[in-house]
Structure formats: C-alpha cells, structure tokens
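This report goes through the charge pairs, cysteines, a buried tryptophan, the surface and the backbone of one protein chain. The sequence and the model come first.

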Amino acid sequence: MGTAAAAADVVIPACAAVGIAFALWQWFLVSKVKVSAYAAPGNGHHHGGPVFRMEDDGEDVGIGGDHDEEVEEGAGDRTVAVARCAEIQSAISVGANSFLFTQYKYLAAFTAIFAVVIFLFLGSVHRFSTDSRPCQYTRGRTCKPALANATFSAIAFLLGAATSVVSGYLGMRIATYANARTTLEARRGIGAAFATAFRSGAVMGFLLASLGLLVLYATIKVFGLYYGDDWEGLYESVTGYGLGGSSMALFGRVGGGIYTKAADVGADLVGKVERNIPEDDPRNPAVIADNVGDNVGDIAGMGSDLFGSYAESTCAALFVASISSFGADHDFAAVAYPLLISAAGLLVCLVTTLLATDLFMVKTVRGVAPALKLQLIISTVLMTVAALVVSFAALPANFTMFDFGAVKQVKNWHLFFCVATGLWAGLAIGFTTEYFTSNAYSPVRDVADSCKTGAATNVIFGLALGYKSVIVPVFAIAVSIYVGFTLASIYGIAVAALGMLSTVATGLAIDAYGPISDNAGGIAEMAGMSRRIRQMTDALDAAGNTTAAIGKGFAIGSAALVSLALFGAFVSRAGVADVNVLNPKVFVGLLVGAMLPYWFSAMTMRSVGSAALKMVEEVRRQFAAIPGLMEGRAAPDYARCVRISTDASLREMMPPGALVLLAPLLTGTFFGVRTLAGLLAGALVSGVQIAISASNSGGAWDNAKKYIEAGASDHAKSLGPKGSDAHKAAVIGDTIGDPLKDTSGPSLNILIKLMAVESLVFAPFFAAHGGLIFK
C-alpha cells in the first residue's frame, strides 16, 4: 500500500495549494474593478450634499451624499458616485476591522487560558507521567505517555483557533473589499455585478476550505514525527484542532450576531417605522453599524462556523479511523480518506465556480437565483462521482471498523454510500430551506398576506412556518444517520457529515455572496446611485437572502451529523459500552441537555434586545438633537452607533460562551461520563429543531418584507407600498426574526458541535477522574 500512501501525500497538499491559488486568482479579478477615494474632492463636481464624517480609531472617513438626488451616468456625476462609494466602503471596512481586532484581543486571552486548562486536565489523567502506557484499542502495543497527549492536544487547540480566526478575518477583508466594487459593476449590468459578488464569495470559500485542509494535514505530519507508530495517540491529540476551530466560531458567531442585529433592529425600528425613511438611508445614524454587522456576523462568523464544522467532522472521522483495522495496519491512504474527500471537493467546487462566473454568465435579473441554485446541484452531482473514485482508490476492498467494543465488517463501497447520502441530504435540506424562505413560493407569500391584518398575525404565521420547515431536514438527517450507522457504524456517520461538507467551498461562496450583495445595495442607496443600479443590487440581495438561509440550513444539518459522530467517538474513548436512557444518571443528563439550547437562546435573544434598546435610544437622540438631520443638511454621528454595537456585543458574548464551554466540563467532572453522554444527546436533539425553526422563521419574515417592498407582482402591490400598514407589520415581523435567524439559530449549531468535541478532547480525564458526585 506504499504507493497509495505516497499518492495521498501528494494529492492532499496539491489540492489545497490549487484551492489557495484559485482563491488568489479570483481576488485578482475582483481587484481589477477600481475604486478610488480621491476622485471627488476639489474636482468641482461635488453635488452640494454634506460630507458626513466618521472618526474611528483616529481614521477620518468621509461619507458624502444628498439622499434624494439621482446620480445618472454623466462623467462628472460618475466621479462623485465612485468617490462616495469609496468613502462608504472605507467607513464600513474601518468599523469591521476595529470590531474584529477588539474581539480577537479578548479571544487571545481566552485561548491561552483554555490551552492551559486542556494541558492540566489531560496531563493529570496519569499524574503527568512521562512513561509509555499500553494502548487502549490495539492490544499488545505501547503508546506514548499521557503528558505528550496533553501537550499536543493543547498545541492542536491553538492551531485550530488560529486557523479559525484567520479564516474569519480573510473573509471579512474580501467582503469589505468587494461590496463597493459590486455596486460600481452594476453600472455595466447585472452579469458583471453578479460575477464580482460571487467571485468575492469564492475567495472566502476556497481560502477557508484550502487552509483548513492544509493546516490539518501539516499538523498530522508534524505530530507524526513524534508519535511514529502510535496512531491512536496521534489522532486523539489532533481532535484538539476541531475544539480550537469551534470555540473561536462560537464567539465569532454570537459576538458578530449580537453586533449586526443590534444595529439592524435599531436602524429599522427608528428609521423605517418611526421616521418612514428608506433602508440604508445615509440620514440614519445606525446605517454604517448595520453594514459593518453584515460583515462581522454573516461573513466572519459564518466562515468560522463552517470551518469549525469541517475541522470537527474531519477530526472525528480521523479518530474513529485510527482505531479501526487500517489504523492498526498503518494504512495512511485509508486513514486519510476524510482528507482525500475534502481535497476532491476543492477540485469539484473549482469547476462549479468557473461554470457560474465564466462559462454560463448571468444575463438577466431573473437569472440570479437559478444560477446560485445550479451551483448547489452541479457541485453535488460532480462530488458524487469524485467520492466514488476516491472510495475505490484509497480504501481496501474489505476492512473492519470499531463498533463500540464489537468489530464491524465494512466494504469500500459502503463508505461511498455514506458520503453520498450525506451529500444529497445536504441538497435536500438546502432546497427545503429555499422553499420555506424564498418569496418565489407560497409559504413566504402567505406570511406576507398575513400582514394585512397586522403584526400579530404576521408573527403567528411566521412561527408556524418555522416549525413546519423542520420536518424534511430532520428526516434527511435521520436517513443519513441510519444509512451511515448501518453500513459503517460511527465512522459512517462521520463520513456522511464530511459528505455534506465536501462542497463547503461552493457553499461558502454562495453564503458570502449574500452579505456582499446586501452591502452593495446599502452603498448604492447611501451614495445616491440611480434607481436602475439600486434595482440591480436589490435583485442580487433578494437572491442572496435565500442563499444565506440555505447556508444556515447546511451548517445546521452538518452540525447534527458532526456532533453525533463526535458523540460516538466520545462514548468509545470514554469506555462506555452502552448509553441506557432508562438509567437515571443518563436521563437526568438528557433532560438538562435538552434544556441548554433554550437557555442559550434566551441569553442571545436578550443580549440582542438589550443592545438594540441602546441603539434605538441613540438613533432617536440623534434625530432629536441634531438640527437638520432629517432634512439631510447635517451629518449623523455614525461612529457612536458603531461603538455601541461593538461594546454591547463584546460584553454580551461572554455569558453564552461560558455556558457552552462549562456545561460539559462541569457535568463530566462532577456527574461522570454517562450523565455527560445524556447531556450531549439531549442538546443535539433539541438544538437541531430550534436552530432550523429559528433560522427559517427569521428568513421568511425578512423575505416577506422584501416581497412587499419590491412590489414586483399585482399581489405584492396590493400589500404595499413602503410605509403602508401591511409593510409596517412586515417590518415588525422582520425585526423579531432578525435575532432568530442571525444570532440564536446559527449559534445553536455551534453549541451542539462544541459541547461534543470538548467532551471528546477531555474524555480521558472524565473516564479516569470524572463523576465526583455520581460515583
């Protein structure tokens, strides 16, 4: 099998390098759209609107714009419009940078402390002994000392955290770089604007997927220099990588979610409902904070989140593989099967992206949504073929998998079926999400219709839609779990999760496209671009809104499979033969675990509420205190609103984060591994349901509002126009849905993954010293 292992050693880093090169090429293409901030001042073409100033971190950023004016395409006017776009883009970029750097300062301290905790807990399992010990799974072999496992797990945790932070930051940089460029490209037509937004999303998707693969591969190789033949210890210590990725993602998601929704709710309630001014109007003091929020929440947060899922599912699969027959036989090509699937996924996504941006260009506004949908279908079909090739090339024809103390006979085509089931379940979840959140279908139109009788009926219809939208995704996840477990035990579930995430580069590109288009629309409105351009950016944004919901559906579905795979790895590592629900220790854990997602959601929703309250008060104060602000003669204080969002989100993200990180540690230490197993199962079962219903209710309310605002059909016109009673009811529904779809819902998938991966990392400690109360 030497040649297969050698081939794996070439293919994995080569595919990662190709992915990074492709991302840089896409970045180069986006950078060819020139945005110059220095075109307007002093050229005599400025149109009399005030130059709004925003000071943040000592940088001066001007935002010019007289809201009501329509900039058409004369040469002088174009110069002014470009200059304004550049100024607004710069303001958004400054705000996003300042938030992320402040957040990362806090997280650096947390990461250092938690790495020490990992070292102390795992080192104490055998009293910091430096002696070799008998292996747990491979009889008759000796494994490296527990102290080495503690040290390497802590290092892997730091590497995972660093990769997650870099992923989120790079995503945010390209998004703030591309938003104004998308607006300016809209002057050339919908195709050019779509290509710019989608290419920018692809930069993030490919950088993140390639970096994750490359760093994980390098970590395994470098750790392997010390571990040598001890693959059991090697892959157990690598699980720390997934824990690092996910803990950063939790704070990124919660902090970014609170930031973006505080600004969004504040801007909407005072601007749209009370003052009756359009969305993204430059007179609204919260408008820059709102646009910054799209980047720090939906881009940096989402990037860290999907990177965490990817890292954890790979770590779970590698750990289970290491204790199987090909782990014992040291067959690297077979053990590295999860990495090879991800590598193949990068090549598949590369081909799929080229189809959208270069071969089949979007030509009409109506073509935007189908082009994005086609990406999902094509990548899934191509990946199914790629998975078949990888399964037969990398795996032996027959092998045995660890099956909770027993041994399971598995064939290579079994694993192909596991990957394919996860892959197609992801597509099913994506399309179900689209059906329930896109205003092209009846569920959202029914929600829009319900606005005729006020906000209360709108809220009732939206909640019902969210609960109903859980049915198909849960069945899809259940089928994946059954097929995976029947064919290849817990390893089958781990590779099904990997199948769902194998096209993560395309998934992230589609997901990042949404916030970039949203920002492009905001910039077009603030810079006073012509109505034609605003209609194009609105069309891009409407499609992006649905794809963002699809992205969240993927993230939640994969989180369910990932956490179940991690749960299985934890149970086997902790030496639990069976988890009996009728055992009172287990049932207590089950009940408390099912409660945790509710507690967590309560914390995040309340955080958004209290932060939004401060924002609403500030926006009202500025409208009252600044003379001429409503008429567009004076400048709002954007920086103050940015500061309110930043301070609130950093303060409020700590308690929910502490809840998620401390729950497994305290349960395992005081109540033992059986109660912890119950806790994980309970959190998984209730967390998935709440996450899907919250995300889809929020997405449906948002698109019902956009449906009324666009007035594209006779039915929509009968509910509008903006400012009508039905529209105001829709805005209230959207405002309630905002924290559900962008803070609580997406953060819950991190809760269920993070608790499971943390339990796996600390499993040796819990097995040796846990259960102080339930002895």
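How many salt bridges does the structure hold? The model is predicted, and the structure holds 22 salt bridges. Side chains of opposite charge can pair when their charged atoms come close.

**Salt bridges**

The table lists three of these pairs.

| Pair | Closest N to O distance | Location |
|---|---|---|
| R573 and E236 | 2.5 Å | helix α16 and helix α5 |
| K706 and D541 | 4.0 Å | helix α19 and helix α16 |
| K706 and D702 | 3.2 Å | both in helix α19 |

R573 and E236 form a salt bridge with an N to O distance of 2.5 Å. This pair connects distant parts of the chain, since R573 sits in helix α16 (residues 531-573) and E236 in helix α5 (residues 231-274), with their positions 337 residues apart. Are the two partners buried or exposed? R573 has a relative accessible area of 8% and is buried. E236, at 7%, is buried as well.

K706 takes part in two of the listed pairs. Its salt bridge with D541 has closest N and O atoms 4.0 Å apart. Here too distant parts of the chain are linked: K706 belongs to helix α19 (residues 654-710) and D541 to helix α16, 165 residues apart. K706 is buried at a relative accessible area of 15%, and D541 is buried at 10%.

The other partner of K706 is D702, with the closest N and O atoms 3.2 Å apart. Both residues lie in helix α19, separated by 4 residues, or about one turn of the helix. D702 is buried, as is K706. Through shared partners, salt bridges join K261, D264, D541, D702, K705, K706, D734, D738, K741 and D742 into one network.

**Cysteines**

How many disulfides does the structure hold? The number is 0. For C315 the reason is distance: the closest cysteine sulfur, in C143, is 18 Å from the sulfur of C315, which is too far for a bond. A disulfide would need the two sulfur atoms within 2.5 Å. C315 is buried, with 1% relative accessibility. C641 is another buried cysteine, with a relative accessible area of 0%.

**W701 and its surroundings**

W701 is a residue of helix α19. It is buried, with a relative accessible area of 1%. Which residues does W701 contact, leaving aside neighbours within four places in sequence? They are V447, N458, V459, G462, L463, A730, G733, D734, I736, G737 and L740. One of these, D734, also belongs to the salt-bridge network described above. W701 and F121 lie 580 residues apart in sequence, and their C-alpha atoms are 46 Å apart in space.

**Surface**

The protein exposes about 25500 Å², and carbon and sulfur atoms supply 65% of that area. A nonpolar patch on the surface is formed by V581, F587, V588, L591, V592, M595 and W599, which together have about 620 Å² of accessible area. V581 is located in the loop between α16 and α17 (584-625). With a relative accessible area of 41%, V581 is partly exposed, because partly exposed covers values between the 20% limit for buried and the 50% limit for exposed.

**Backbone**

Two residues other than glycine have a positive phi and are described here. R127 has a phi near 50°. R127 is placed in the loop between α2 (75-123) and β3 (133-134), and it is exposed at 71% relative accessibility. N276 has a phi of about 55° and is found in the loop between α5 and α6 (287-322).

**Overall fold**

The protein contains 22 helices and 6 strands. Its C-alpha trace spans about 85 × 55 × 50 Å along the principal axes. Does the radius of gyration agree or disagree with that of a compact globule? A compact globule of 775 residues would have a value near 28 Å, and the protein has 26 Å, which agrees. Of the 775 residues, 65% count as buried. Among contacts with a separation of 6 or more, 84% come from residues 24 or more positions apart.

Key: Residues numbered from 1 in each chain as written. Predicted model: local features only at pLDDT ≥ 70, side-chain atom pairs only at ≥ 80, totals over all residues. Heavy atoms only, no water. Salt bridge = Lys/Arg side-chain N within 4 Å of Asp/Glu carboxyl O. Helix = DSSP H or I, 4+ residues; strand = E, 2+ residues; numbered from the N terminus. Buried < 20%, exposed > 50% of the residue type's maximum accessible area, 1.4 Å probe, protein only. Contact = heavy atoms within 4.5 Å. Patch = residues over 30% accessible without salt bridge, like charges linked within 9 Å, V, L, I, M, F, W, Y side chains within 5 Å. Areas by Shrake-Rupley, 256 points an atom, 1.4 Å probe, with all protein chains shown as cover. Rg over C-alpha atoms; globule rule 2.2 N^0.38 Å.
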